[in-house]
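Look over the sequence and the fold before reading on. The text then goes from the whole chain to its parts.

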Amino acid sequence: GLILDIFAQRARTHEGKLQVELAQLEYMSTRLVRGWTHLERQAGGIGLRGPGETQLETDRRLLRARIKSIHKRLDKVRIQRSQNRRARARAEIPSVSLVGYTNAGKSTLFNALTAADVYAADQLFATLDPTLRRLEIEDVGSVVLADTVGFIRHLPHKLVEAFQATLQEAAEATLLIHVIDAADPDRELNVEQVERVLEEIGALDAPMLKVMNKIDLLGTAPRIERDAQGRPEAVWLSARDGQGLELLVQALSECLAEDVLDFGILLSPQQGRLRASLHELGAVRQEYYEENGQIKLEIRLPRRDFMQLMARLGEQAEDYLPPELCERPLWNA
């Protein structure tokens, strides 16, 4: 109950308030007792008590009706967000989502990168609603950056469900930035909790770059950590005073530029399903027919999307990728 009370205080947009109310009602529905006649007023005249219906039954019926109403409204939000993401995909704009344990400094980092006036405070759940801004990255171009809700340990499943519309920005991002409070003695436990929630929303396998924030509290110099292949794995910085921000931008440029495939593909007329799927992803830039009846497509899409499409259709990526792209390992695989 305390977590939900804090969430209610932090929600600012209509969507955020709906998500909090849904979580509160789901929580209350398992603890319903007499005396909830105030729900009848909130329900806007859903219905009066039927013959022989007890007060408790009336309250439960009104509660179910309100939950159903909120679900419908949030479904509309999800559809709108999905349409916006598809439009960005067609425009070939990568999306980057900030995720992390609550109070890790996501909103401070978001503000530092975008110069946006997003509410940032040393409080739990300072951000409940996803905030989107466009960011220009060298060698990549425009990128959409999203600041999302902070996670906590023992986050109730119903709360994750209620915030699906918000968390979907993370689930469908081209790249996740996992912001970690490097000065927190419990940081490993916090990382585990974030990964559990990411797994629950289907985003754990997404490409990820870790940001070890608050190095100003550690006296540590900013730096980029790289894996055995030389790819950026983590950036140590301070979002509050700006140390290492240029290293994060450099790492983003490397990650996003490497993670986009741009090549030509030849399909036979019998491969209509693959052709349709590529069009559905908004990946086709040009299309024309060869004299022998084959169809040539010039495509551009995130490597992860292409690999997932190949797996879904039971195809081998190596049969379509040029040799130089086959030799390059899948980033963060």
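What follows covers the chain as a whole, then one helix, one group of strands and the salt bridges.

The model is predicted. Its protein chain has 333 residues, and 48% of them count as buried. The secondary structure comprises 12 helices and 10 strands. Of the contacts between residues at least 6 apart in sequence, 65% join residues at least 24 apart. The exposed surface of the chain comes to about 16,600 Å², with carbon and sulfur atoms supplying 48% of that area.

Helix H5 spans residues 106-114 and is mostly covered, with 7 of its 9 residues buried. The buried residues in H5 are Lys106, Ser107, Leu109, Phe110, Asn111, Leu113 and Thr114. In an α-helix, residues three or four places apart point the same way, because there are 3.6 residues a turn. Lys106, Phe110 and Thr114 are among the buried residues of H5, and so are Leu109 and Leu113. After the helix comes Ala115, which has a positive phi, near 60°.

The next element to consider is a strand with two partners. Strand E3 covers residues 141-147, and 5 of its 7 residues are buried, so the rest of the structure largely encloses it. One partner of E3 is strand E1, residues 95-100; the two run parallel and are joined by 4 bridges. Within this pairing, Leu98 has Asp147 of E3 as its bridge partner. The other pairing to follow is with strand E2, residues 131-137, which runs antiparallel to E3 and is joined to it by 7 bridges. Here Arg133 stands opposite Leu145 of E3. E2 and E3 make a hairpin with 3 residues between the strands. In the turn of this hairpin, Asp139 has a positive phi of about 70°. E3 thus pairs with E1 in parallel and with E2 in antiparallel fashion.

The last topic is charge pairing. Side chains of opposite charge can pair when their charged atoms come close. The structure holds 10 salt bridges. In one of these, the side chains of Arg275 and Glu287 meet at 2.5 Å, N to O. This pair links distant parts of the chain: Arg275 lies in helix H10 (residues 272-280) and Glu287 in strand E9 (residues 284-289), 12 residues apart. How exposed are the two partners? Arg275 has a relative accessible area of 25% and is therefore partly exposed; Glu287, at 30%, also counts as partly exposed.

A salt bridge also joins the side chains of Arg223 and Glu225, with an N to O distance of 3.4 Å. Arg223 is partly exposed, at 33% relative accessible area. Glu225 counts as partly exposed as well, at 30% relative accessibility.

Glu298 and Lys296 provide a further example, their side chains meeting in a salt bridge at 3.9 Å, N to O. Glu298 has a relative accessible area of 21%, which makes it partly exposed, because buried means under 20%. Lys296 is partly exposed too, at 26% relative accessibility. Elsewhere, salt bridges that share partners join Asp262, Arg285 and Arg300 into one network.

Definitions and conventions:
Residues numbered from 1 in each chain as written. Predicted model: local features only at pLDDT ≥ 70, side-chain atom pairs only at ≥ 80, totals over all residues. Heavy atoms only, no water. Buried < 20%, exposed > 50% of the residue type's maximum accessible area, 1.4 Å probe, protein only. Contact = heavy atoms within 4.5 Å. Areas by Shrake-Rupley, 256 points an atom, 1.4 Å probe, with all protein chains shown as cover. Pairing = 2+ DSSP bridges. Salt bridge = Lys/Arg side-chain N within 4 Å of Asp/Glu carboxyl O.
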